[in-house]
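Good morning, colleagues. Please take a moment with the sequence and the structure on the screen, after which I shall go through selected features in turn.

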Amino acid sequence: MKKFLMVLIFLAVPVWCYAEELYTCPEININLYENESFYNKITGRNFLAKKITEIAIQKEIQDELQAKTKAQIEMYNVRRMKNGEFKRLSIEGSNLKYKVMSLSSFSAQTICPYNRAIYKNGRLFYPYDMPFKFDSEITNNDIKNILESEEFQKELNSNVLLINGAEGLKILQPEVEIKENRVYFTIPIKTFLTSKPVKVRFNADIKDENNKIVLKNIAFSSNRNIIERGLLSNLTEKINPISFPAEKLKGKYCKIYISNARIDGSVIKAEGIFIINKNYNGDE
């Protein structure tokens, strides 16, 4: 059971997305699994199994993601739960940290009426795509965690513009703050033209576009920036801490689709769908 539960921690990795047409729920005759044995009903075994599973999920998430969580699972019955089959899983949590991802609050819930994970040969497999819907909040403390993460620092150090083989332009550690329904940036840029880094300041709103959270309505603090705006846009696109975590979590194991993202005062609120990809076609 614990091995199966390890997969469920991925529900707590919220990402900003929505694209219902990109997933298909498995066509399973749910009515076959509705009945519970009389023994399980009169002994409370079904309820006990449910609570044990929920506590185990919460512990796994807390251990792996450093997040306080509350889990609620809806089973078909004990036998199906042991087989990795369940109706629905809902998770609420706060202060999540996973690699480059940092969220002050989040909630996630499976979408399909039937879900399953298979544990075989020491590995977890998914016979069907497993989609989840989620919503989350990002605060200035989360932005700080993202900027200081190993993944962000690696990307920051790789963004260097070479001129005749020499370092011509390099973005240094940025300062980012969410306030007054805007995101404020201070980006120090080291150039071969100046002895000290040039600080480019601007603020922006955000929007969801092409499955990303992008900046919009950018307003620069000065019209006399030494860095051409088009070039600055290209350099900062990869290190935008608002969209950076979701982009880095995409891969062969999951799909991410942006649904809605907005700034509310000093908090970014985002929601969408996260899909764990099918990776199993063999016999059980």
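**Hairpins, sheet and disulfide**

I begin with a hairpin: β12 and β13 form it, with 6 residues between them. Please bear in mind throughout that this is a predicted model. Strand β12 covers residues 182-191 and strand β13 covers residues 198-209; the two run antiparallel and are joined by 7 bridges. As a point of reference within this pairing, Y184 stands opposite N203 in β13.

Strand β13 also takes part in a second hairpin, this time with β14, and here 2 residues lie between the strands. One residue of that turn, N210, has a positive phi of about 50 degrees. The pairing of β13 with strand β14, residues 212-220, is antiparallel and extends over 7 bridges. Within it, E209 stands opposite K212 in β14.

Let me turn to the open sheet. In what order do its 6 strands lie? The order is β1-β3-β4-β8-β16-β15, and the pairing is antiparallel. The edges are occupied by β1 (68-74) and β15 (254-264); each has a single partner strand, so one side of each is left without a neighbour in the sheet. From one strand to the next, the twist averages 15 degrees. As general background, strands of a sheet pair through backbone hydrogen bonds, either parallel or antiparallel.

Inside this sheet, I would draw attention to the pairing of β3 and β4. Strand β3 comprises residues 88-98, and it pairs with β4 in the antiparallel sense over 8 bridges. One position to locate on the screen is K97, whose bridge partner in β4 is S102.

Which helix lies across β3, β4 and β8? That is helix α5, residues 140-148, which runs at about 105 degrees to β4. Strand β3 also contains N95. At 47% relative accessibility, N95 counts as partly exposed. The C-alpha atoms of N95 and N141 are separated by 9.8 Å, while the two residues are 46 residues apart along the chain.

I come now to the disulfide. The count for this model is 1 disulfide. Its partners are C25 and C112, with their sulfur atoms 2.1 Å apart. Why is the disulfide described as left-handed? The torsion about the S-S bond of C25 and C112 is about -85 degrees, and the disulfide is therefore left-handed. As for placement, C25 lies in the loop between α1 (2-5) and α2 (38-43), whereas C112 lies in the loop between β4 (101-110) and β5 (115-116), so the pair ties together parts that are 87 residues apart in sequence.

Are the two cysteines buried or exposed? C25 has 27% relative accessibility and counts as partly exposed. C112, at 2% relative accessibility, counts as buried; the cut-off for that class is under 20% relative accessible area.

My last item is E85, which lies in strand β2, residues 85-86. E85 is buried, with a relative accessible area of 2%. What joins the side chains of E85 and Y114? They are joined by a polar contact of 2.6 Å.

To recapitulate for the discussion: β13 forms hairpins with β12 and with β14, the open sheet has β1 and β15 at its edges, and the disulfide links C25 and C112. I would be glad to take your questions.

Note on methods: Residues are numbered from 1 along each chain as its sequence is written. This is a predicted model: local features need pLDDT of at least 70, side-chain atom pairs count only at pLDDT 80 or more; totals for chains, interfaces and linings use all residues. Side-chain values use heavy atoms; hydrogens and water are left out. A disulfide is a pair of cysteine sulfur atoms within 2.5 Å. Helices (H or I, at least four residues) and strands (E, at least two) are DSSP runs, numbered from the N terminus. Buried means under 20% relative accessible area, exposed over 50%, partly exposed in between (1.4 Å probe, protein chains only). A polar contact is a pair of N or O atoms within 3.5 Å; within protein, one must be able to donate a hydrogen and the other to accept it, and residues adjacent in sequence count only if both atoms are side-chain atoms. Two strands pair if DSSP finds at least two bridges between them. Axes are lines fitted to C-alpha atoms, for helices over the stretch in contact, and angles run from 0 to 180 degrees between N-to-C directions. Contact means heavy atoms within 4.5 Å.
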